[in-house]
Amino acid sequence: MGETVAFLDEYLKSQIDIDHFTMIENKVLDYLIECIDENGYFRAELHEVAAYFNRSAEEIYEYLKLLQGLEPAGIGARHLQECLLLQLRRFEKRHALAEEIVEKHFQSFAEKKWKDVAKALNVKLNEIQEVFDLIQTLDPRPASSFQNEKSAYIVPDVVIKWDGESFTVSIFDETLPKISFNSAYYKRFSSNQDKQVHRFIQENQQDYQWIMRSLEQRKETLTKVSLKIVEKQRDFFVKGPANLRPMTMKEIADELEIHESTVSRAVREKYAQTPFGTFELRSFFSSTIKTTSDENTSSKQVKTMIHQLIAEENKQKPLSDQEIVHLLKEKEGMVVSRRTIAKYRDQLGILSSSKRKRYE
């Protein structure tokens with residue numbers, strides 16, 4: 001499929017010849033399609049669907065298999081194992097070993113207990129490695145390229161530019177609420193002799209002025225906080241995200257002589273357009289990691305270094321978490337515990353060393 005299709009359900013229905021089925025059969029198929037989630041998995045129990053339509057579970061499964069034969073490959077699977085197997089069976093040149101491993105030894109294979117799988121199937125470890133590489137080319141979320149709802153677009157609240165010599169920071173006013181005051185209406189009724197009318201007009205004028213002052217103050221606070229972020233994170237905006245330094249909201253609040261909660265409210269759900277993309281303002285505030293020098297570094301920098309070290313490691317002898325601890329201290333002066341490395345590695349979606357090992 002060369003282009004992104006607007007809606008998954010429409011695409012699936014377009015592949016079914018409705019004239020080939022009875023009205024009730026089409027209703028069953030429509031219902032099953034509605035049970036497919038945004039990743040392409042079937043999220044219902046066959047026996048419950050069967051009871052709803054007064055059919056047998058076996059008959060409902062036949063309709064599900066029909067959906068599983070549609071594009072994209074893997075659609076309608078009930079779990080990851082079935083999703084991968086459906087895709088393998090679509091190959092023009094079938095891979096018998098891969099199908100057998102996924103169908104009968106999936107748990108051990110997924111946990112990288114490859115020696116057990118190799119022994120059970122009487123094959124070499126490099127053959128298991130080949131199957132793993134093949135599985136990596138499959139799509140665990142076959143419907144991920146489809147749209148299930150309207151896309152949400154982020155409109156930046158702050159625009160930060162760097163021309164090579166200086167920064168410009170501007171607030172994108174279009175994101176601020178717009179209110180107006182009907183002066184003609186006010187003049188017309190402000191001289192009204194009715195006390196209730198006069199009080200109503202006066203109260204609304206005061207409300208308008210208060211709202212305008214609040215909006216201006218909000219804009220001013222956002223501007224000041226943004227300018228301070230640029231001042232503190234200069235290397236980020238000049239050199240890139242890898243140079244983010246540790247910074248707390250309290251630090252900004254103290255320098256601006258405002259309350260920390262004011263900074264928190266100012267950056268909440270606000271985004272900045274920068275030379276390196278659009279970032280949530282909250283992302284510029286991060287925790288601190290001790291270093292062997294007098295300076296601090298941020299958790300994001302540590303994660304960047306972990307990612308880099310693992311990307312460059314010998315895949316036949318991958319780095320253990322303890323070895324990463326040692327390298328970070330020796331090369332970067334970062335003092336991080338093994339437990340923290342494991343936590344950050346999990347957050348980055350990187351497997352443990354035993355599961356990263358390649359046999360080739």
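**Exercise 1. A glycine in a loop**

Task: Starting from the place of G76 in the loop between α4 and α5, work out whether G76 is buried or exposed, and state which residues G76 touches beyond its sequence neighbours.

Solution. The model used here is a predicted one, and the reading of G76 begins with its position, which is in the loop that links α4 to α5. The next step is accessibility: the relative accessibility of G76 is 0%, and since buried means under 20% relative accessible area, G76 counts as buried. The third step looks at the surroundings, where G76 touches I36, G40, F42, L64 and Q68 once residues up to four places away in sequence are set aside. A last step adds a distance, for the C-alpha atoms of G76 and Y41 are separated by 5.0 Å although these residues stand 35 residues apart along the chain.

**Exercise 2. A peptide bond in the loop between α4 and α5**

Task: Find what kind of peptide bond joins E71 and P72, and say where P72 is found.

Solution. The bond between E71 and P72 is a cis peptide bond, with omega at about 0°. As for its location, P72 belongs to the loop between α4 and α5, the latter helix covering residues 80-88.

**Exercise 3. How α3 meets α4**

Task: Determine how helix α3 and helix α4 are oriented toward each other, and describe which classes of residue make up their contact.

Solution. First take the geometry: α3 spans residues 46-53 and α4 spans residues 57-68, and the two pack at an angle of about 105° with their axes 8 Å apart. Because angles of 65 to 115 degrees count as roughly perpendicular, α3 is roughly perpendicular to α4. Next identify the residues in the contact, which are L46, H47, V49 and A50 on the α3 side and A57, I60, Y61 and L64 on the α4 side. Sorted by class, this contact of α3 with α4 holds seven nonpolar residues, one polar residue and no charged residues.

**Exercise 4. Two further helix pairs**

Task: For α11 with α14, and then for α15 with α17, give the crossing angle, the distance between the axes and the residues that meet.

Solution. Begin with helix α11, residues 195-232, whose axis comes within 9 Å of the axis of α14, the two crossing at roughly 95°; α11 and α14 are therefore roughly perpendicular to each other. In this pair, T221, L222 and V225 of α11 meet T262, V263, A266 and V267 of α14, and the residues of the contact divide into five nonpolar, two polar and no charged.

Then turn to α15 and helix α17, residues 338-347, which pack at an angle of about 80° with their axes 10 Å apart, so that these two helices are likewise roughly perpendicular to each other. Here S299, V302, K303, I306 and I310 in α15 meet I341, Y344, R345 and Q347 in α17, and by class the contact has five nonpolar, two polar and two charged residues.

The residue I341 also appears in a distance within the chain, since its C-alpha atom is separated by 8.3 Å from that of Q322, 19 residues away along the chain. Q322 itself lies in helix α16 and is partly exposed, with a relative accessible area of 46%.

**Exercise 5. Three glutamates in loops**

Task: Decide for E313, E257 and E269 whether each is buried or exposed, and name the side chain with which the side chain of E313 makes a polar contact.

Solution. Take E313 to start with: this residue is found in the loop between α15 and α16, and with a relative accessible area of 9% E313 is buried. Its side chain makes a polar contact with the side chain of R356 at 2.8 Å, and, leaving aside neighbours within four places in sequence, E313 is in contact with P318, L319 and R356.

Continue with E257, which lies in the loop between α13 and α14 and, at 74% relative accessibility, counts as exposed; although E257 is not a glycine, its phi is positive, at about 60°. Finish with E269, found in the loop between α14 and β3, which counts as exposed at 63% relative accessibility and has a positive phi of about 55° without being a glycine.

How values were computed: Residues are numbered from 1 along each chain as its sequence is written. This is a predicted model: local features need pLDDT of at least 70, side-chain atom pairs count only at pLDDT 80 or more; totals for chains, interfaces and linings use all residues. Side-chain values use heavy atoms; hydrogens and water are left out. Axes are lines fitted to C-alpha atoms, for helices over the stretch in contact, and angles run from 0 to 180 degrees between N-to-C directions. Helices (H or I, at least four residues) and strands (E, at least two) are DSSP runs, numbered from the N terminus. Angles under 35 degrees count as roughly parallel, over 145 as roughly antiparallel, 65 to 115 as roughly perpendicular and the rest as oblique. Contact means heavy atoms within 4.5 Å. Ala, Val, Leu, Ile, Met, Phe, Trp, Tyr, Cys and Pro count as nonpolar, Asp, Glu, Lys and Arg as charged, and the others, Gly among them, as polar. Buried means under 20% relative accessible area, exposed over 50%, partly exposed in between (1.4 Å probe, protein chains only). A polar contact is a pair of N or O atoms within 3.5 Å; within protein, one must be able to donate a hydrogen and the other to accept it, and residues adjacent in sequence count only if both atoms are side-chain atoms.
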